[in-house]
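Visitor: I should like to learn how to read helix packing and burial in a model of this kind. May we work through some cases together?

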Amino acid sequence: MIRFLIRRLTMSVATLLIIACLTFLLMNLVPGGPFLSEKAPSPEVLAAMEAKYGLDKPLGVQMVTWISDFAKGDLGVSFRLQKNRPVADIITDLFPTSAKLGFIALGIAVLLGIPLGCVAAYHRGHWLDSMLQVITTLGIAIPSFVLASILLVIFGVYWNILPTLGLSSWQSYLLPCFALAFYPMSYIARLTRSSMLDVIHQEYIRTARAKGVSPTKIIFKHALRNSVIPVITYLGPLTAGIITGSFVIESVFNIPGLGRYYIQSIIGRDYPIIMATTVFYAALLISMNLLVDIIYKFIDPRIDITGEVE
Amino acid sequence: MKSRKYGHITLPSFHIDAECLIDQKPDLKIRQDDFELANSASKESFIENKPSMSYWQDAWRRLKKNKVAMIALYCIIFLILFAFIGPFFSDYTYSQQTRGHENCPPFWQQPDAEYLATHENFSKYDHPFGTDNLGRDMMVRLMKGTQVSMIIGFTASLIVLVIGALYGSISGYVGGRVDDFMMRFVELLYSVPDILIVLLLASSMKPALTAFINKNPDSGFSDFVNVLGAPLIGIFIAFALLYWVGTSRIIRGQVLMLKGQEFVMAANALGASNSRIIMKHLLPNCIGQLIVTTCMQVPSAIFLESFLSFLGLGVSAPLTSLGSMAADAIGGIYSYTFRLIIPSVLLSVLILSFNLLGDGLRDALDPRLKR
Amino acid sequence: MNDKKLLEVKDLHVSFFTPVGEVKAVGGISYDLGYNEVMGIVGESGSGKSVEAYSIIGLLQSPGKVTGGEVLFEGRNVLEFSNKEMQAFRGNEISMIFQNPMTCLNPVYTVGDQLIEAVCCHESIGKDEAKRRALEMLTMVGINNVEQRFNQYPHELSGGMRQRVMIAMGLICHPKLLIADEPTTALDVTIQAQILELMKDLQQKTQMSIVFITHNLGVVAEICDRVSVMYAGRIVEQGKVDDIFYNPHHPYTMGLLRSMPNIEETRHEKLIPIDGTPVDMLNPPAGCPFGPRCEFCMNICLRENPPLIQVSEGHRASCWLYVEQAQIACERGEEIE
């Protein structure tokens with residue numbers, strides 16, 4: 001097991017390096033720069049600003065500088081959005097907000113999605129199943145900004161029962177979290193449903209029925225554990241994505257989070273933020289995938305991810 | 001009683017009770033020739049032959065039975081008609097700004113007194129869905145927006161289809177080291193954060209394309225670029241670079257499965273070239289999967305475009321898409337709610353219909369009979 | 001005790017209501033099973049033999065439905081059981097084991113877990129007692145290292161061992177009737193022989209009755225007391241094992257026996273298959289379903305389904321060949337009223 005972990009860790013670091021290099025290359029290859037769209041500065045000012053941030057050096061040198069700085073823990077300073085503020089500070093400021101929203105939304109998605117999927121699978125063909133199918137399909141079809149805006153209008157304006165901006169009280173978490181959770185919840189419910197339907201028709205379920213096991217036990221003991229595997233696979237990347245924040249939700253509800261900031265930094269070509277956040281996101285993704293793989297082992301004894309011989 | 005001899009077998013004979021027979025078969029009427037051996041002609045006519053259906057007829061029949069998928073199909077057809085034929089029924093064009101008709105309410109809302117005072121000759125049905133703040137008719141803009149959204153969806157899907165199918169089929173067919181390498185490349189592409197690329201491209205296309213246009217003002221491509229807008233070209237490029245990986249994986253899986261089948265071996269034995277085998281034998285057998293993946297790709301392209309519109313990186317005015325209209329309407333959400341609701345509903349219906357149709361097609365084209 | 005029947009199937013009809021139409025999988029079969037008796041149900045794929053077994057144990061799932069008949073288990077009509085009664089009945093008084101041991105055990109729980117579940121859902125005994133019973137059953141079915149196997153997962157066992165575990169699960173509550181749906185078909189030939197031996201042994205020890213479903217006549221000869229031959233959802237011949245093998249009356253049975261490869265045949269003799277293809281159960285024709293494939297097919301066979309005729313004590317066949325009086329009447333040009 002230890003060997004497996006070490007192997008994974010080394011691979012992760014290598015992957016992160018590759019992603020960092022790729023991102024760096026892409027950022028620089030695509031036309032445009034951090035200072036171009038401001039009120040067009042004169043060439044001398046432009047050159048001075050570029051020199052200050054080290055942008056006039058050849059790409060290879062820039063990349064190596066960045067990596068060595070990163071290894072030392074220095075993530076650089078922001079170019080544009082918050083001039084000269086250390087990137088590390090920015091991230092540690094914004095990330096907890098996004099993460100809080102994200103975890104709550106994740107909880108809603110999982111705690112509602114999986115049981116709904118089970119119910120739909122069990123009552124297949126029933127009106128309950130059809131109704132749930134409609135709701136979940138809507139959930140994955142409606143663009144998030146549409147949903148967020150509509151919720152805002154209904155609850156924030158017409159009925160005026162929930163706050164619409166910022167995160168001041170616990171009530172103000174309700175709308176953004178629910179809007180954030182709706183798509184994953186629908187996806188998880190659909191995934192659970194189809195996985196359950198597959199499992200229910202397996203022969204070992206027939207054996208359990210032949211033994212006289214009660215229907216509740218068949219669903220929750222025999223079927224659920226087998227059908228939850230694809231859902232867990234989905235949860236890995238989902239967690240990484242949802243806790244880094246959603247641009248749409250944070251914009252519509254005016255919440256200062258990492259998601260909104262990241263998108264703005266891409267459009268504004270704030271290189272250090274783009275680099276740091278991309279690598280941060282990739283690191284999260286890799287750790288989530290690792291976590292998922294470890295969880296697999298507890299659920300399905302057939303899966304042997306370590307590659308070691310029993 | 002004599003025993004009957006048939007060929008090499010002697011069948012035993014014996015008495016049976018007539019009652020036994022009457023109990024079981026009270027209405028039995030025996031005919032003269034009943035116990036003669038039946039000839040092969042009558043034996044064959046005995047067996048009804050079901051008319052055989054081709055794979056496509058069978059799939060179409062199954063699709064028709066799926067009510068949800070059929071409703072989705074009708075919705076899509078309706079939306080296509082709405083988008084492409086609709087504008088002929090209106091007096092206005094999507095970019096036409098009619099002075100004096102700004103902010104006209106839709107026909108189900110009563111205009112307030114102030115509005116009526118400033119607008120004489122006001123007719124409810126002149127602009128059935130109202131106008132925006134520049135006096136452009138909403139109904140026609142909706143039609144145009146639907147057109148644009150659909151075109152984006154279809155074009156992006158087509159790009160993904162062509163690149164993905166070719167890449168996947170070549171990779172699957174050639175196999176071995178080449179396949180390994182090609183798949184490693186695909187995995188690498190998977191780990192690239194797609195939103196990063198899309199945004200970088202979308203926001204950077206403008207200066208690059210402006211420069212290009214300035215150099216070649218007369219080419220048709222310039223007009224094309226002008227109309228669509230730089231960010232959209234960015235989307236298409238992003239799709240061509242990134243989003244075909246899913247399709248290629250699916251096609252590769254299909255090809256791997258088909259490769260081992262005998263008709264491929266036969267074609268090979270007859271001397272068909274590799275490209276011919278791929279084009280004429282393998283790809284046609286993948287058409288089912290191709291149709292389904294394309295159908296599912298359309299809504300995700302439309303989804304992505306609407307997200308970009310929300311960011312302000314959508315189509316350039318005056319052209320509009322459903323996503324743009326919805327995004328623009330968010331600012332006026334309190335006073336002109338309908339401007340958000342209508343395009344949002346249309347957009348959701350469009351995406352929903354394609355998803356449901358894709359689901360239905362997948363079920364119908366699956367040769368295994370489902371429960 | 002000899003006359004009381006454990007299982008009586010009376011005129012059972014089962015249909016599947018599919019999107020393309022009603023498939024009459026079982027079209028009126030009847031048979032009896034006494035205590036301590038092994039009945040073999042023989043037929044090719046699609047003959048309905050598994051379907052009727054599923055109906056007896058209540059495992060028939062939609063779109064399948066029982067459309068007629070009764071199934072009496074010790075006098076009670078099993079088809080009318082409520083869900084709760086059926087749950088208590090299954091695994092307890094009647095058990096079923098299935099064909100494919102590779103997929104019939106839940107892969108995420110240990111063998112021991114699944115065995116304990118089998119006994120605990122019917123008898124309220126403690127975990128230790130349940131474990132003791134489970135280990136006892138595992139030993140009885142011929143598994144070595146029972147303690148170790150108890151804690152292993154199904155994928156760590158071979159096919160033969162898994163089938164033994166299935167049998168242990170089926171017998172752990174001492175059922176009166178075991179339904180075995182082709183339990184040896186998916187196994188290697190040598191393992192087949194072992195499992196058959198095991199089942200014979202267990203049957204003699206526990207005196208339970210078995211309904212043994214198979215398409216393999218060799219297996220039938222090994223273990224069965226009586227045999228029902230099914231074709232196209234109907235029983236075409238029924239009788240004691242010796243009767244069926246040495247005195248077959250229905251042409252289908254004769255065909256089956258003839259098509260078995262004989263180890264003593266020389267290599268130059270061709271195998272003798274049964275001509276034709278199985279019946280389309282969606283549109284079953286009138287008359288005897290075997291007609292078109294039968295070398296003795298007569299005109300009446302294409303018109304009317306033959307009655308079940310008593311050939312001798314306990315031996316019945318459904319074929320027009322044996323309706324002698326009708327033949328005589330026909331020769332004389334008379335009609336039977």
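Guide: Certainly. The model is predicted, and chain B is a suitable starting point, with 16 helices and two strands.

Visitor: What percentage of the residues of chain B count as buried?

Guide: Of its 371 residues, 35% count as buried. As for contacts in chain B between residues at least 6 apart in sequence, 75% join residues at least 24 apart.

Visitor: How should a pair of packed helices be described?

Guide: Two packed helices are described by the angle between their axes and by the distance between those axes. In chain A, take helix α1 (residues 2–29) and helix α13 (residues 271–299): their axes come within 10 Å and cross at roughly 150 degrees.

Visitor: Why are α1(A) and α13(A) called roughly antiparallel?

Guide: Angles over 145 degrees count as roughly antiparallel, and the crossing angle here is roughly 150 degrees; α1(A) and α13(A) are therefore roughly antiparallel to each other. The crossing is right-handed.

Visitor: Which residues meet in this contact?

Guide: An α-helix has 3.6 residues a turn, so residues three or four places apart point the same way. From α1(A), the participants include R8(A), S12(A), T15(A) and I19(A), while those from α13(A) include Y271(A), I274(A), T278(A) and A282(A). The residues of this contact comprise 13 nonpolar, four polar and one charged.

Visitor: Is helix α1 (residues 49–57) of chain C mostly covered or mostly uncovered?

Guide: That helix is mostly covered, with eight of its nine residues buried. Among them are K49(C), E52(C), Y54(C) and I57(C). Just after α1(C), G58(C) adopts a positive phi of about 75 degrees.

Notes: Residues are numbered from 1 along each chain as its sequence is written. Chains are lettered from A and ligands numbered from 1 in the order in which they are written. This is a predicted model: local features need pLDDT of at least 70, side-chain atom pairs count only at pLDDT 80 or more; totals for chains, interfaces and linings use all residues. Axes are lines fitted to C-alpha atoms, for helices over the stretch in contact, and angles run from 0 to 180 degrees between N-to-C directions. Helices (H or I, at least four residues) and strands (E, at least two) are DSSP runs, numbered from the N terminus. Angles under 35 degrees count as roughly parallel, over 145 as roughly antiparallel, 65 to 115 as roughly perpendicular and the rest as oblique. A crossing is left-handed if the near helix is turned anticlockwise from the far one by less than a right angle, and right-handed if clockwise. Two residues are in contact if their C-beta atoms, placed from the backbone, lie within 7 Å. Ala, Val, Leu, Ile, Met, Phe, Trp, Tyr, Cys and Pro count as nonpolar, Asp, Glu, Lys and Arg as charged, and the others, Gly among them, as polar. A residue is buried if 20 or more other C-beta atoms lie within 10 Å of its own, exposed if 12 or fewer, and partly exposed in between; C-beta atoms are placed from the backbone.
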